[in-house]
Each structure stands twice: as C-alpha cells, then as structure tokens.
Amino acid sequence: MCTTTKPKRSALNQLTRLLLRKYNYGVRPVQNWTKPTTVYIDLIIQSVLDVDGQTQKVTTSIWYRQIWNDEFLVWDPEEFDGITEISLSSDAIWVPDVIISEFVDVGKSPVIPYVYVNCSGTVKNYKPIQVVSACHLEIYAFPFDKQNCTLTFRSWLHSVNEVDLALWRPAEEIANDTKDFMNDGEWELLSVPSHYCTLEQEDRDYAQIQFNVLIRRRPLLYVVSLLIPSIFFMVVDVTSFYLPPNSGTRITFKTSILLGFTVIRVNLMDEIPATAIKTPLIGVFFAVCMALLVLSLAMSIFVVKLLHYSEKEVKEMSMSACLLDKYGSMDQSFIESAFTSMKTLDDMEQSGGRRENIIYLHNRVLYFEIVRNNVFTMSIHLLILAYTNTF
C-alpha cells in the first residue's frame, strides 16, 4: 500500500501568505498614525524624446525610484530560511500617491507590477516612466535655445503631516548624473538641479520636490539646413548687381533667386517651432531676407525703367533738333524772300500808274498771305518741340 506525503510549502510562499494575510493596502502603513511616512525619491533622466513648441509639451524618458518604509511588512529572516528580500504585487500593498504636477498625457510606459520588500520593511518601487509634461518653452533664440522644464513630485491627497518627501541621493549627485543620458540626439542634458519645498493649499501644507531639467538644443542641423542656404541666397543676390542693368538678365536672375528662397522656406516650414505668443528670431531673419530680395528686385525693375526712359528721351530730343534745324532754315528763307518781294513792289509803286498800283496791291496781299502761312507753320513746329522736351 502506497502512502503519499503532502508537499511542504516553501518558505517564500509561507512568508508571502503571512505578510498579506491581514494586510490592508488602503491604510497608511504606520503603527502610530501621527507619524508621517517619508517617501524617498530618486530620478535619472534617460532621454528627451520630443519637444513640442506649439503645444508647449515635453516628452522625457526617466528612471524613477520610490523608497519608503512599511511597518507592516517586517519579518525575521531566520524563521524563513534566511530570506531577506521578496517581491510583492504593487496592487497588494500600500503605495504612495505621488504624482507629477506637470503631467498632461499618458505616455507609453511599461507596466511594472511588482515591488521589492526587505525584512526591515523597506519598499523599493523602481520603474521606467515616459512623462509627457507641460513646459514653458522659450523658442525666441531657436536654434540656439536652452530650456528649463520642471518635474514636480508631490502627494495628491496626503499633507506633509501624513506623507513627507525627501531625496534619496544628495542634490549635487543628482544634478551632475548625466552618464545614463542618451547624448546622441537633438538635445543635450546640462544638469538636473532639485530642491524641496512645501505648497500651501486650503490651510494644509503639501510636500513637493522639484527637479529642473536643463537641456540645450544642438544647432548644427538647423545652421546647415536653414541659415547657410539663406546666407548664400543673399550673397548671390548682392553679387547680381554686377550684371549689366540693360542686358535683360538681371531681373530674370533676381526672380529666380526669390523663387528658390521661397521654395526652400516653404519646404523647411515644419522645422521651425511655432507659438502663438512669440516668433522665433530665425523667423524674423527669414522675413527680412524675403523683404530684401523683393526690394532688390523692385530696385532693379526701377533702374531698368529709368534707363529705358532716358534712351527714349534722347531719341525724342534728337528728332526735335532735326525738325528745328529743318523748319528753322526754311522759315528764314521765306522771310528773306518776303523782304526781297517787298523791296521790288516798292520800286514798282514809284514808277507805275494805276494798273501798276493794282498789281502792287495784289502782290502785297499775296506776300502777307505767304508770310502768315509760314509763321503759322513755324509756330506749330515750335509747339511740338516744346511739348516733346517737356515730356
């Protein structure tokens, strides 16, 4: 006859059942309720994933650590095969309600369902967090800007008399800890200074720890893709003034420069951050470059117009001089012939009778008619000459 022996429960299983048998995760784990629970916080910045200047949001990846003491999770290691540390479900024990005040969106953070507990009651909650937080971004100096984004940790419900906060490491060590930061991206981590303070709300004080994440943008990409092409366009536009203004190619060349600058500006529009309050200085630079290119084109058009007007005026003045020379000499011959006729008629008047007098009067009337017609013709040509020289 076979007899089966019931397997003995492991020490880990017994310890877990013993600790959680009468545990109430909704009660703050202190024997004396007037004693505050101190939660130690540690922070390591791993990377800056995104900086959105339009929505004023920053996405960062951090390693976050919480350490506190749970007076209900204490045991003697000698009674449980020397076990000094176990992992428990975070849903089964009390966890402090520490949040980030600047938190605005749920990031893609992995779920870590367990915490470590040692025999003295110290609970360690280590987890990576992707934080999407609000930040006041100063983008006026883009792409040579520096940003100061804060991450403020505080208890959402408990006052400082119930849950107090403290730094797990010295503030100097946290500020200079940049060895784990992914330093190959667009942003460079300068330092992470931190300080402790209390916030007074509705006659209650709340403890909070503020971390200032100081980051600086690497401008090389934007200098190569935005600033240098713009400067090249401006230099080429200035050198285009050496082209002959009457050759007809200067205006075409300047128009091509303006169109090329516009195409580059439109294609790189998404690279420049935009806010409703301030315009980056580089945006003002592009606007000034565009205005100078347009002004240069307008000046070239004006110069060509002046040159064309000057050539037309010279031609009209030459034509007027020719007309004056022609008709002026003709009028002078008419006047000389008129005076000769008058002298001849005077001689006939002295020697002739009545018939001769009639012929004399007829010729004199004809003479004055010819003189009048010549004077009228000369006056018309003089008016034409004066009008041409005026306009």
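I started with helix H3 and looked up its buried residues (under 20% relative accessible area with a 1.4 Å probe, protein chains only): Tyr222, Leu226, Leu227, Ser230, Phe233, Met234 and Asp237. Note to self: this is a predicted model, where local features need pLDDT of at least 70, side-chain atom pairs count only at pLDDT 80 or more, and totals for chains, interfaces and linings use all residues. Numbering runs from 1 along each chain as its sequence is written, and side-chain values use heavy atoms, with hydrogens and water left out.

Next I checked the shape of H3 (helices are DSSP runs of H or I, at least four residues; strands are E runs of at least two). H3 bends by about 30° at Leu227, with Pro229 following within four residues; the bend is the angle between axes fitted to the seven residues ending there and the seven starting there.

Then I went for the cores (buried Ala, Val, Leu, Ile, Met, Phe, Trp, Tyr and Cys joined through side-chain atoms within 4.5 Å). The largest has 47 residues, and Leu73 is one of those with the most contacts inside it. Apart from it lies another core of 16 residues, and Met234 from my H3 list turns up there.

Last, I followed strand S7, residues 122-134 (strands pair if DSSP finds at least two bridges). S7 runs antiparallel to S2, residues 57-69, through 13 bridges, and Trp63 has Pro128 as its partner. Three bridges link S5 to S7, with Val106 opposite Val131. S6 gets two bridges to S7, and these two strands form a hairpin whose turn holds Gly121, with a positive phi of about 95°.

Technical notes:
Buried means under 20% relative accessible area, exposed over 50%, partly exposed in between (1.4 Å probe, protein chains only).
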